[in-house]
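Work through the exercises below with the sequence and the model side by side. Try each task before reading its solution.

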Amino acid sequence: MEDKKEKKTKGEKQPKAEKAPKAEKPEKPAKEEKPAKEAKPGKGEKAAKGDKPAKGTKGKGGKGDKGGDEGKEEVTEKAVNYGPKVKKDEDVFAICHIFASTNNTFIHVTDLTGRETYARITGGMKVKSDREESSPYAAMQAAADVAKKLRILNINALHIKLRGPGGAGARTPGPGAQAALRALARNKMRIGRVEDVTPIPTDSTRMAGGRRGRRL
């Protein structure tokens with residue numbers, strides 16, 4: 001019997017000794033919170049500089065408000081004039097030398113003395129092909145460009161001097177002479193006197209073709 005009791009006492013588990021409580025660690029002071037950084041604008045967004053109105057609004061008011069016109073500044077381009085100041089009814093004259101041949105048309109504008117050139121444009125400057133240089137169309141385009149340049153200089157009237165090849169050549173101006181003259185008048189240029197200054201020989205210069213004439 002005693003042996004059985006001893007076995008029972010051996011089989012029984014002895015209660016474990018309770019562990020001593022761990023010493024509590026001192027609490028660390030809480031870290032100060034850093035201020036949150038401001039969010040940077042994205043690629044599509046731009047940083048606002050001052051108080052600007054929204055895209056849909058104009059100035060202080062909205063789309064339909066009249067107040068939007070007050071905040072909007074109107075920018076107007078002023079026409080630049082380099083010539084003298086001209087009154088409404090005053091005519092400022094220049095001389096337009098038009099040389100027209102079967103090959104080209106020259107429009108050359110000078111002052112009344114002929115010393116200073118205001119504009120010089122040819123028909124060949126307005127077309128690409130050689131055969132159209134003397135055409136009326138090229139002369140009209142050249143005359144329109146000349147008129148634009150003269151408006152900047154406040155010149156509104158022209159004396160015309162027409163010239164053909166002359167000399168031993170043809171004494172009549174080419175096809176671009178009349179077209180250039182009409183184009184200048186259409187572009188609000190007042191026409192003064194028109195004179196023909198084709199050089200005509202006084203001593204009957206020997207014509208081309210030789211003694212027996214031109215063979216056909």
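The exercises concern a predicted model and go from the sheet to the helices, the core and two loop residues.

**Exercise 1. Find the order of the strands in the sheet and state which strands stand at the edges.**

Solution.
Step 1. The open sheet is formed by five strands, and their order is 3-2-1-4-5.
Step 2. The pairing in this sheet is mixed.
Step 3. Strand 3 and strand 5 each have a single partner strand, so one side of each has no neighbour in the sheet; these two are the edge strands.
Step 4. On average, neighbouring strands are turned by 20 degrees against each other, with direction ignored.

**Exercise 2. Describe how strand 4 is joined to strand 1 and to strand 5, and name some residue pairs.**

Solution.
Step 1. Strand 1 and strand 4 run parallel and are joined by seven bridges.
Step 2. Along this pairing, phenylalanine 93 stands opposite alanine 157, and phenylalanine 99 has arginine 163 as its bridge partner.
Step 3. Strand 4 and strand 5 also run parallel, with five bridges between them.
Step 4. Here leucine 158 has isoleucine 191 as its bridge partner, and leucine 162 stands opposite aspartate 196.
Step 5. Together with helix 4, strands 4 and 5 make a right-handed β-α-β unit.
Step 6. Strand 4 is largely enclosed by the rest of the structure, because five of its seven residues are buried.

**Exercise 3. Compare the span of helix 3 with the expected value, then state what covers its buried residues.**

Solution.
Step 1. Helix 3 has 17 residues, and at 1.5 Å a residue the expected span is 24 Å.
Step 2. From first C-alpha to last, the helix reaches 25 Å, which is close to that value.
Step 3. Its buried residues include Ala138, Ala142, Val146 and Leu150.
Step 4. Among the elements covering them are strand 2, strand 3, strand 4 and helix 4.
Step 5. Helix 3 lies across strands 2, 3 and 4, and runs at about 160 degrees to strand 3.
Step 6. Helix 4 also packs on the sheet, where it touches strands 1, 2, 4 and 5; its direction makes about 155 degrees with that of strand 1.

**Exercise 4. Identify the residues with the most contacts inside the largest nonpolar core, and list what cysteine 96 touches beyond its neighbours within four places in sequence.**

Solution.
Step 1. The largest nonpolar core has 25 residues, and those with the most contacts inside it are Cys96, Val146, Leu158 and Leu184.
Step 2. Strands 1, 2, 3 and 4 and helices 3 and 4 each supply at least two residues of this core.
Step 3. Helix 3 gives the most, with six residues.
Step 4. Leaving aside those sequence neighbours, cysteine 96 is in contact with Ile107, His108, Val109, Leu158, His159, Ile160, Lys161 and Leu184.

**Exercise 5. Two residues that are not glycine have a positive phi, asparagine 154 and lysine 188. Locate each one and decide: buried or exposed?**

Solution.
Step 1. Most residues other than glycine have a negative phi.
Step 2. Asparagine 154 has a phi of about 60 degrees and is in the loop between helix 3 and strand 4.
Step 3. Its relative accessibility is 17%, and buried means under 20%, so asparagine 154 counts as buried.
Step 4. Lysine 188 has a phi of about 65 degrees and is in the loop between helix 4 and strand 5.
Step 5. Its relative accessible area is 72%, and exposed means over 50%, so lysine 188 is exposed.

Notes. Residues are numbered from 1 along each chain as its sequence is written. This is a predicted model: local features need pLDDT of at least 70, side-chain atom pairs count only at pLDDT 80 or more; totals for chains, interfaces and linings use all residues. Side-chain values use heavy atoms; hydrogens and water are left out. Helices (H or I, at least four residues) and strands (E, at least two) are DSSP runs, numbered from the N terminus. Buried means under 20% relative accessible area, exposed over 50%, partly exposed in between (1.4 Å probe, protein chains only). A nonpolar core is a set of buried Ala, Val, Leu, Ile, Met, Phe, Trp, Tyr and Cys residues joined through side-chain atoms within 4.5 Å. Contact means heavy atoms within 4.5 Å. Two strands pair if DSSP finds at least two bridges between them. A crossover is right-handed if, with the strands pointing away from the viewer, the path from the first strand over the helix to the second runs clockwise. The expected span of a helix is 1.5 Å times one less than its number of residues. Axes are lines fitted to C-alpha atoms, for helices over the stretch in contact, and angles run from 0 to 180 degrees between N-to-C directions.
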